[in-house]
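Thanks for pulling up this model. Please keep the viewer open while you read, as the text walks from strand to strand.

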Amino acid sequence: AQTGQMTTALASAGISYKLANGGKLKDYNLEIEGEETPTTAIGKVKTTRIQRIDDHRDTTAWCARQYSYLPMRLEQQDTDGSNLTMQITSLQGMNQN
């Protein structure tokens with residue numbers, strides 16, 4: 001139950017962090033949108049849906065807590081209209097937490 005409370009608290013506050021990119025620090029702002037249980041190539045996995053929006057693209061990741069928040073799916077939509085989708089196809093050498 002505490003993890004659910006933490007997720008709810010983070011969703012209301014959002015997450016902001018700085019990351020070095022090309023020798024400069026950039027601000028990254030994330031929003032936790034909730035939990036979903038999509039069907040993946042490794043079965044149904046409970047995930048936390050996280051979104052990042054910036055000037056160039058929208059990125060959404062579905063990350064599995066049981067696998068140390070490893071992304072199960074990632075979607076990006078650029079302002080130029082291009083799209084990218086990545087999905088997990090297999091998982092080896094990692095135990096569920």
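What follows covers confidence, the sheet, its hairpins, the aromatic pair and two residues on later strands.

**Confidence**

A word on confidence comes before the geometry, since this is a predicted model. The mean pLDDT of the protein is 85, and 86% of its residues reach 70 or more. Among the elements, β8 has the highest mean pLDDT, at 96, while helix α1 (residues 2-13) has the lowest, at 50. Over residues 1-8 the pLDDT stays under 50, and for this stretch the model has five contacts beyond four places in sequence. You may want to keep those values for α1 in mind as you look at the start of the chain.

**The sheet**

Six strands make up an open sheet, in the order β1-β2-β5-β6-β7-β8, with antiparallel pairing. Its edge strands are β1 (15-21) and β8 (83-87), and each of these pairs on one side only. On average, neighbouring strands of the sheet are turned by 25° against each other, with direction ignored. As general background, strands of a sheet pair through backbone hydrogen bonds, either parallel or antiparallel.

Let us begin at the β1 edge. Strand β2 covers residues 24-36, and seven bridges join it to β1 in the antiparallel sense. On its other pairing, β2 is joined by six bridges to strand β5 (residues 47-53), again running antiparallel. At the β8 edge, strand β7 (residues 70-78) pairs with β8 over five bridges, also antiparallel.

The table lists residues that stand opposite each other in these pairings, which is handy for checking the register in your viewer.

| Residue | Opposite residue | Strand of the opposite residue |
|---|---|---|
| I15 | L30 | β2 |
| K18 | D27 | β2 |
| A20 | L25 | β2 |
| I32 | I50 | β5 |
| R73 | Q87 | β8 |

**Two hairpins**

How many residues lie between the strands in the hairpin of β1 and β2? There are two, and G22 in the turn has a positive phi of about 65°. The hairpin of β7 and β8 has four residues between its strands, and here G81 takes a positive phi near 95°. Both glycines are easy to pick out if you colour the backbone by phi.

**The aromatic pair**

The structure holds one aromatic pair. The ring centres of Y17 and Y28 are 5.5 Å apart and their planes meet at 15°, so the pair counts as stacked. The two tyrosines come from distant parts of the chain: Y17 sits in strand β1 and Y28 in strand β2, with their positions 11 residues apart in the numbering. Are these side chains buried or exposed, or something in between? Y17 is partly exposed, because its relative accessible area is 34%. Y28, on the other hand, counts as buried because its relative accessibility is 9%.

**T59 and N83**

Now to the other part of the sheet. T59 lies in strand β6 (residues 57-64). With a relative accessibility of 12%, T59 counts as buried, because the cut-off for that class is under 20%. What does the T59 side chain meet in a polar contact? The partner is the side chain of Q76, at 3.2 Å. Setting aside neighbours within four places in sequence, T59 is in contact with I50, Q51, R52, L74, E75 and Q76. Of these, I50 also appears in the table, as the residue opposite I32.

N83 is found in strand β8, one of the two edge strands. Is N83 buried or exposed? N83 is exposed, because its relative accessible area of 56% is over the 50% cut-off. Beyond neighbours within four places in sequence, N83 is in contact with Q76 and Q77. Q76 therefore links the two descriptions, being a contact of T59 and of N83 under the 4.5 Å criterion. Finally, the C-alpha atoms of N83 and D58 are separated by 9.7 Å, although these residues are 25 apart along the chain.

Definitions and conventions. Residues numbered from 1 in each chain as written. Predicted model: local features only at pLDDT ≥ 70, side-chain atom pairs only at ≥ 80, totals over all residues. Heavy atoms only, no water. Pairing = 2+ DSSP bridges. Axes fitted to C-alpha atoms, helices over the stretch in contact; angles between N-to-C directions. Buried < 20%, exposed > 50% of the residue type's maximum accessible area, 1.4 Å probe, protein only. Polar contact = N/O pair within 3.5 Å; in protein donor to acceptor, adjacent residues only side chain to side chain. pLDDT = per-residue confidence, 0-100. Phe/Tyr/Trp six-rings, centres within 6.5 Å; stacked < 30°, edge-to-face > 60°.
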